[in-house]
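Subject: Structure handover: salt bridges and cysteines

Hello,

I am passing on the structure you will be working with. Please look at it first; notes on the charged pairs and the cysteines follow.

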Amino acid sequence: MSGYRYAHKFTSEFLSCNKNQEREDLIDFKKDDIFLGLDLSQHVVISKSEYFNMLRAFGVKTYFVIYDLLPLTESDCFPPEWRLSDLHSNWLKVVCQGNGALCISNAVKNELSQWIEKEEIKCKKSFCATYFPLRCRY
């Protein structure tokens, strides 16, 4: 089971540091660390579900940002060959095994709660869905 790695080489190249970094060590973690999944990388999260279970067994909390449930609520708006509803559903099932979901609006949080109830998803007891509004204040 491989996990996430430090991006030494990428960072060196991105920052033009010329540090010849070839080794990409696995990230370190300890109890009470937080893994925050920001990107919608469904296939990666699904493939790493056992890794997230292992992190939680060591006391790491896992949270994922949920931007929307459109592949589930508006599946007819996506080409059928993309099979996004299956992918999104499987991704959300992995998310629900974690500590929580950070939704980008109260509407998305409500849609997630309704989906969990409708699909009878068994979330962890510690699972908490909340939201943060996307707004700028100048």
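Arg83 and Asp86 make a salt bridge, with their closest N and O atoms 3.1 Å apart. The arginine of this pair, Arg83, is exposed at a relative accessible area of 56%, while Asp86 is partly exposed at 38%. Please keep in mind that the model is predicted.

In total, 5 salt bridges were counted. Besides the pair above, two others are described here.

Asp32 and Lys61

These two residues form a salt bridge in which the closest N and O atoms are 3.6 Å apart. Asp32 sits in the loop between α1 (8–14) and β1 (34–37), and Lys61 belongs to strand β2 (residues 61–66), so the contact ties together parts that are 29 residues apart in sequence. Asp32 is partly exposed, with a relative accessibility of 48%. Lys61 is also partly exposed, its relative accessible area being 31%. The pair does not stand by itself: Lys31, Asp32 and Lys61 are linked in a network of salt bridges.

Lys118 and Glu119

Here the closest N and O atoms are 3.8 Å apart, and the pair counts as a salt bridge because the cut-off is 4 Å. Lys118 is exposed, at 66% relative accessible area. Glu119 has a relative accessibility of 39% and counts as partly exposed.

Cysteines

How many disulfides does the structure hold? The number is 0. Cys128 is in no disulfide, and the nearest cysteine sulfur, which belongs to Cys103, is 9.7 Å away. A disulfide would need the two sulfur atoms within 2.5 Å, so this pair does not qualify. Cys128 is partly exposed, with a relative accessible area of 44%. Cys77, at 56% relative accessibility, is exposed.

To recap the pairs by their closest N and O atoms:

- Arg83 with Asp86: 3.1 Å
- Asp32 with Lys61: 3.6 Å
- Lys118 with Glu119: 3.8 Å

When you open the model, the Asp32 and Lys61 pair may be a convenient place to begin, as it links the loop between α1 and β1 with strand β2. The network there also takes in Lys31.

Regards

How values were computed:
Residues are numbered from 1 along each chain as its sequence is written. This is a predicted model: local features need pLDDT of at least 70, side-chain atom pairs count only at pLDDT 80 or more; totals for chains, interfaces and linings use all residues. Side-chain values use heavy atoms; hydrogens and water are left out. A salt bridge is a side-chain nitrogen of Lys or Arg within 4 Å of a carboxyl oxygen of Asp or Glu. Helices (H or I, at least four residues) and strands (E, at least two) are DSSP runs, numbered from the N terminus. Buried means under 20% relative accessible area, exposed over 50%, partly exposed in between (1.4 Å probe, protein chains only).
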